[in-house]
Amino acid sequence: MKKERYNQMMEGLIETAVEKVLVLGPEEANREVEALRATIEELEQFWNGDQQITNQDWLEEFYKKVDKTIRG
């Protein structure tokens, strides 16, 4: 997978999690946000476990953006 596509995929998953928190609220979105987190983790391990695509830590980015959204 090319770096650009990989990064776009991860950004899209994170944006989806943030949007779910905004639309559904943190409690109601919790299960779906957790599923997206697990997907990001799995895709990071599968596609970029050796960090040849990027050294961007997408899970860290996920936590940062979702936490910021929850806190307002």
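This tour moves through a predicted model, taking the helix contact, the salt bridges and two individual residues in turn.

**Stop 1: helix 1 and helix 3**

Begin by selecting helix 1, residues 3-24, together with helix 3, residues 58-71. The two axes approach within 9 Å, and their crossing angle is roughly 25 degrees. Because angles under 35 degrees count as roughly parallel, helix 1 and helix 3 are described as roughly parallel to each other. Their crossing is right-handed.

Next, display the side chains at this contact. On the helix 1 side, select Tyr 6, Asn 7, Met 10, Glu 11, Ile 14, Ala 17, Val 18, Val 21 and Leu 22. Their counterparts in helix 3 are Trp 58, Glu 61, Phe 62, Lys 65, Val 66, Thr 69 and Ile 70. Coloured by class, the contact of helix 1 with helix 3 shows 11 nonpolar, 2 polar and 3 charged residues.

**Stop 2: Asn 7**

Keep helix 1 in view and centre on Asn 7, which belongs to that helix. Is Asn 7 buried or exposed? Its relative accessible area is 14%, and because buried means under 20%, Asn 7 is classed as buried. Leaving aside residues up to four places away in sequence, Asn 7 touches Thr 54 and Trp 58. Trp 58 is also among the helix 3 residues that meet helix 1.

**Stop 3: the salt bridge between helix 1 and helix 2**

Now turn to the charged side chains. How many salt bridges does a search of the whole structure find? The search returns 5. Select Glu 32 and Lys 20, whose side chains meet in one of these, with an N to O distance of 2.4 Å. Glu 32 lies in helix 2 (residues 26-48) and Lys 20 in helix 1, so this pair ties together parts that are 12 residues apart in sequence. Both partners are partly exposed: Glu 32 has a relative accessible area of 33%, and Lys 20 has one of 25%.

**Stop 4: a network within helix 2**

Stay on helix 2 and select Glu 34 and Arg 37. These residues form a salt bridge in which the closest N and O atoms are 2.6 Å apart. Within helix 2 they are separated by 3 residues, about one turn of the helix. The partners fall into separate accessibility classes: Glu 34 is partly exposed at 39% relative accessible area, whereas Arg 37 counts as buried at 14%. Add Glu 41 to the selection to see the wider arrangement, since Glu 34, Arg 37 and Glu 41 are linked in a network of salt bridges.

**Stop 5: the salt bridge within helix 3**

Return to helix 3 and select Glu 61 and Lys 64. The closest N and O atoms of this salt bridge are 3.9 Å apart. Both residues lie in helix 3, with a spacing of 3 residues, about one turn of the helix. Glu 61 counts as buried, at 17% relative accessibility, and is also listed among the residues of helix 3 that meet helix 1. Lys 64, by contrast, is partly exposed, with a relative accessible area of 49%.

**Stop 6: Lys 68**

Finish further along helix 3 at Lys 68. Is this residue buried or exposed? Lys 68 has a relative accessible area of 65% and is exposed. To close the tour, place a distance marker between the C-alpha atoms of Lys 68 and Leu 22: they are 46 residues apart along the chain and separated by 11 Å. Leu 22 is one of the helix 1 residues in the contact shown at the start.

Technical notes
Residues are numbered from 1 along each chain as its sequence is written. This is a predicted model: local features need pLDDT of at least 70, side-chain atom pairs count only at pLDDT 80 or more; totals for chains, interfaces and linings use all residues. Side-chain values use heavy atoms; hydrogens and water are left out. A salt bridge is a side-chain nitrogen of Lys or Arg within 4 Å of a carboxyl oxygen of Asp or Glu. Helices (H or I, at least four residues) and strands (E, at least two) are DSSP runs, numbered from the N terminus. Buried means under 20% relative accessible area, exposed over 50%, partly exposed in between (1.4 Å probe, protein chains only). Axes are lines fitted to C-alpha atoms, for helices over the stretch in contact, and angles run from 0 to 180 degrees between N-to-C directions. Angles under 35 degrees count as roughly parallel, over 145 as roughly antiparallel, 65 to 115 as roughly perpendicular and the rest as oblique. A crossing is left-handed if the near helix is turned anticlockwise from the far one by less than a right angle, and right-handed if clockwise. Contact means heavy atoms within 4.5 Å. Ala, Val, Leu, Ile, Met, Phe, Trp, Tyr, Cys and Pro count as nonpolar, Asp, Glu, Lys and Arg as charged, and the others, Gly among them, as polar.
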